Amino acid sequence: QGQLKIAVSAMASRCRLAARFHRVHGTNVRLDASRTLATRVESFANGLCFSQEPLAPGQVFLVEIEEKELGWCGHLRVGLTAHDPQSLEVVPEYSLPDLVNMGDTWVFAITRSHNRVTEDGEGARAQGSPWEPFLLIERVRIPRDTLVGRSKPGRYSHILDDLFKMNVLPATARRSRIGVLYAPQPDGTADMHIVINGEDMGPSARRLPTTRPLYAVVDVFASTKSVRVIPVDYGFPSLQTLCRLVIQKHIVHRLAIDGLDLPPLLKSFCKHE
């Protein structure tokens, strides 16, 4: 148990440090001072971004779509690369096909019917209830609460939240949260997984090498204008989080929380303010 706590603490510390973008990025990208918000300021290309640090096994790099731009075809692209961004003489214009053609890179365009590699006879994976506190991907356990996008509290916010729960909200919509990670395999390789609003899309690529550091790739492409890195705090759910899950499960609309006999801070937390 002590070793588990140490491992969780180490993962949490690493995730906080890695939850921002690398200083190396595409020419049309502008980062904010914290390097957690990436905005494409011109055109529809040259929007490549990378994680600040290589990912640890099972560590998810999670972004939320903050802003869209009408008039372009295509959406956000995410994946992994074994190329150190600092070693790139020139950041490629596109993740697909430019960066992928450099080798040791696995990137996919985000859609609802996401690419998935399946083995013969493999069926759909059980995703579990959206009220379960953790998403399980093979032997990786990720707090689900952070993985799911939330609407701002308002008159119709419950409709958007219901779309998230039913997994019918377009994956490329504003407030959608997209994550990428790799899960180690017994043969020493790894499978890449993409997570969309708390749902594991299954292995997107198999047999990735684990002998080299793997960086997250986020291509702020075409109709995706701006994305923000969301830190994922690995560990056990807090009492507040567990209370929020129970309360949200039993109410019709988040504004109904105002009528509950709860402390104001807990009400605010339950509404995700």
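**Exercise 1.** Over how many bridges do strand β9 and strand β10 pair, and in which sense?

*Solution.* Keep in mind that this is a predicted model. Start with the residue ranges: β9 covers residues 177-184 and β10 covers residues 190-196. Now go through the pairing, and you get 7 bridges in the antiparallel sense. To pin the register down, pick valine 180, which sits opposite isoleucine 194 in β10.

**Exercise 2.** Place β9 and β10 in their sheet, then work out which strands stand at the edges.

*Solution.* Step one is the strand order, which reads β1-β2-β13-β4-β9-β10-β11. That's an open sheet of 7 strands, paired antiparallel. Step two is the ends: β1 (29-31) and β11 (199-208) each have a single partner strand, so one side of each has no neighbour in the sheet. Step three is the twist: ignoring direction, neighbouring strands here are turned by 25 degrees against each other on average.

**Exercise 3.** Do the same for the open sheet of 4 strands, and find a bridge pair in it.

*Solution.* The order this time is β3-β12-β5-β6, again with antiparallel pairing. At the edges you'll find β3 (48-50) and β6 (105-109), each with a single partner strand, so one side of each is left without a neighbour. From one strand to the next, the twist averages 20 degrees. Zoom in on β5 (residues 77-81): 5 bridges join this strand to β6, and the two run antiparallel. For a bridge pair, take valine 78, whose partner in β6 is phenylalanine 108.

**Exercise 4.** Check the backbone torsions: which peptide bond is cis, with omega near 5 degrees?

*Solution.* Look at the bond from leucine 96 to proline 97, which is the cis one. Then locate proline 97 in the fold: this residue belongs to helix α2 (residues 95-101).

**Exercise 5.** Take asparagine 46 and find out where it lies and whether it is buried or exposed.

*Solution.* First the torsion: asparagine 46 has a positive phi of about 55 degrees, although it is not a glycine. Next the location, which is the loop between β2 (37-40) and β3. Finally the accessibility: the relative accessible area is 18%, and the cut-off for buried is under 20%, so asparagine 46 counts as buried.

**Exercise 6.** Repeat the routine for glutamate 138.

*Solution.* Glutamate 138 isn't a glycine either, yet its phi is positive, at about 55 degrees. You'll find glutamate 138 in the loop between β7 (134-137) and β8 (140-143). With a relative accessible area of 32%, glutamate 138 is partly exposed.

How values were computed
Residues are numbered from 1 along each chain as its sequence is written. This is a predicted model: local features need pLDDT of at least 70, side-chain atom pairs count only at pLDDT 80 or more; totals for chains, interfaces and linings use all residues. Side-chain values use heavy atoms; hydrogens and water are left out. Two strands pair if DSSP finds at least two bridges between them. Axes are lines fitted to C-alpha atoms, for helices over the stretch in contact, and angles run from 0 to 180 degrees between N-to-C directions. Buried means under 20% relative accessible area, exposed over 50%, partly exposed in between (1.4 Å probe, protein chains only).
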